[in-house]
Amino acid sequence: MTASDKSASDKYRERHQSKPYSRRRAAARAAWLQGSLSLLVSLFFVLPLLFMLLGAFKQQREVFLGSFIPEQWVWGNFLEAWNGAPFGRYFFNSLLVSIIVTVSVVLTSSLAAFAFSRMQFFGKGLLFILALGPLMIPGDVLLIPNFITIRQFGWQNSYPALIVPFLASAFGIFLLRQAFLKTSQELEDASRIDGATPLQFLFRILMPVNAPALSALSVLTFLGIWNALVWPYIAISKDEFRTVQVGLASFTNLEGSNVPVVLAATTLVILPVMVVYIFAQKWFIDSAASSGLKG
Amino acid sequence: MSVSLRRLGQALPYLLPALVVFGLFTYYPLWNVIYMSFTDADFLRAPNWVGLDNYTKMFNAQEFWASLTITTIFAVGVTALEVVLGMMLGFLMNAKTRVTPLLRAAVFAPVVISVSATAILWLFFLNTQAGPVNRALALFGIPPIGWFTDPKIALLGVIVVAVWKGVGLPAVLYLSGLQGISRELEEAAIVDGANRWQVASRITIPLLAPTTMVVFFISLVGTFQSYGLVLLLTRGGPVGSTELLGYYIFENAFQFFQMGYASALSVALFVLLALLAWMQFKVSERRVHYQ
């Protein structure tokens, strides 16, 4: 074997290896680019939250002028925020209202979806249109007449004002009906042979089998009510019945207030939702993605 | 007939809970808002019938047309950004890098944060005097920008916040759209020598058309009726530059107590949204699906 032979075989090997090698390198470069772009974009989304969190620990004089990291971590801001408004009461109100509405929406939607997916009856088409109609009628259009209704009922500044208008959901009926229609008829036949009543079939079989749809509806309903602003803002004027969001909304005048304390209050309000979100991210995202199907 | 009537009797107990709520808080108020739009209702006196007066006032009110223009700019701006950025984010979230889980979590996080909290943290972040953004810009010698205080810029400021808060949903919808596309067509195109950009623009994006349509209408309908941010960020100001139709209604109803006029405005908003729904129906009828 001569030297020239060797170099020829090297050249051969080089030519045939260089292509996959460079392609691999290009792929690595693309992944690196995607990775750094992802990091940059993530930063953009997280940055306002990060500044809020850092600001919540700062002293009042350094929040706008000082460095990025607090000179001194002032945990007292959170205590001051908590005591600055009846946040305990606000949280209790929000929790109470959100839980009652969520349980009720799951129940009323399941019942209606059961009738629409498993029964034949006179006037079904018309009743179905009436049940889904609210999807087409935006809540903002109904703000004024509903405000007048709750005044007539004497419900201004009360829990029913926050709860009763939301006890049923057209979206919930739509979502669950889709799910129930996909559940096999055999299950129903089998349970009927075993002597189950329709209600027993609904609660013991149909609902448990469709747990994913029920959980998506629950998380969307809970979050919607927990985060609701405009209706509770209008319907409630007494501190006793304010929800967390309405309570927090009264802090929006930054000028002339203790900014770190306001940021601490905001952090306190965001924290519970964020903790649940971080641990159950997939649940939130999948539920929201399923809601997109309604469009 | 009698059998199916009896069956109706069996079905009604299942339907009534929902239908009673809808009757009291959707259908009755819909009728009521239309009725009130023909009256001079306020909180003080019994309402009088005034015929079309409120509608005449509305069509002659400069504020109404201004708020309609602002609402359109806001809705179209936010929708365009949510479609374009949502799609780009969807592509990026579909990559498999070590940062991707972080990206997915970060992009969707604002969706679960409330409007109140969003408003406060952006009022701080974009504060004119010394918010972090303006301070960073000052390092490059850029004078402070009045994100929510300059009439020329405030609407843009609100759009930025709305997109930050809202784009997570379109991104997630695009991500699941992308995951639903079969790889075969893209691979076939690559074998035929198409480059990355050609594959995206000629194959992947057209295949995402159903998702784009859903995102487009969800964003458009959502932004046409969302004014919670404006309520807390700018209160329609400065000098009415962020006066969305929804906020204009809110102001007339709950600050000026002109319930009759505000009802006429609500009916106008309802008609607008019904038009959008009708458009969506027409477009979806034409089928944008490639399957």
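The questions and answers below concern a predicted model and deal with its chain interface, its nonpolar core and its salt bridges.

Q: How many residues does chain B bring to its contact with chain A, and what share of the buried area comes from carbon and sulfur atoms?
A: The contact draws on 93 residues of chain A and 85 residues of chain B. The area buried between chain A and chain B comes to about 7,700 Å², and the part of it given by carbon and sulfur atoms is 78%.

Q: How many residue pairs are in polar contact across the interface of chain A and chain B, and which helix of chain A gives the most residues to the side that touches chain B?
A: Across this interface the rule finds zero salt bridges, whereas it finds 10 residue pairs in polar contact, counting pairs with both residues at pLDDT 80 or more. On the side of chain A that touches chain B, the most residues, 17, are given by helix 1 (residues 3–56). By class, that side of chain A has three charged, 20 polar and 70 nonpolar residues. The numbers asked for are thus 10 residue pairs and, for the helix, helix 1 of chain A.

Q: Which helix gives the largest share of the largest nonpolar core?
A: The largest nonpolar core has 185 residues, and those with the most contacts inside it include A:Phe121, A:Tyr277 and B:Phe148. Leaving out residues up to four places away in sequence, A:Phe121 touches residues of chain A, including A:Leu127, and residues of chain B, among them B:Leu8 and B:Leu15. The largest share of this core, 13 residues, comes from chain A, from helix 3 (residues 87–118).

Q: How many residues apart in sequence are the parts that A:Glu71 and A:Arg61 tie together?
A: The side chains of A:Glu71 and A:Arg61 meet in a salt bridge, 3.5 Å from N to O. Both A:Glu71 and A:Arg61 are exposed. Because each lies in the loop between helix 1 and helix 2 of chain A, the pair ties together parts whose separation in sequence is 10 residues.

Q: Is A:Glu188 buried or exposed?
A: A:Glu188 forms a salt bridge with A:Arg192, with the closest N and O atoms 3.0 Å apart, and both lie in helix 8 of chain A, about one turn of the helix apart. A:Arg192 has 53% relative accessibility and therefore counts as exposed. A:Glu188 has 6%, which means that this residue counts as buried.

Q: What is the relative accessibility of A:Asp286?
A: A:Asp286 and A:Lys282 meet in a salt bridge of 2.9 Å, N to O, and they are four residues apart in helix 14 of chain A. A:Lys282 is exposed, at 60%, whereas A:Asp286 counts as partly exposed because its relative accessibility is 39%.

Conventions: Residues numbered from 1 in each chain as written. Chains lettered and ligands numbered in written order. Heavy atoms only, no water. Contact = heavy atoms within 4.5 Å. Buried area = accessible area lost by both parts, 1.4 Å probe. Salt bridge = Lys/Arg side-chain N within 4 Å of Asp/Glu carboxyl O. Polar contact = N/O pair within 3.5 Å; in protein donor to acceptor, adjacent residues only side chain to side chain. Helix = DSSP H or I, 4+ residues; strand = E, 2+ residues; numbered from the N terminus. Nonpolar A, V, L, I, M, F, W, Y, C, P; charged D, E, K, R; others polar. Core = buried A, V, L, I, M, F, W, Y, C linked by side-chain atoms within 4.5 Å. Buried < 20%, exposed > 50% of the residue type's maximum accessible area, 1.4 Å probe, protein only.
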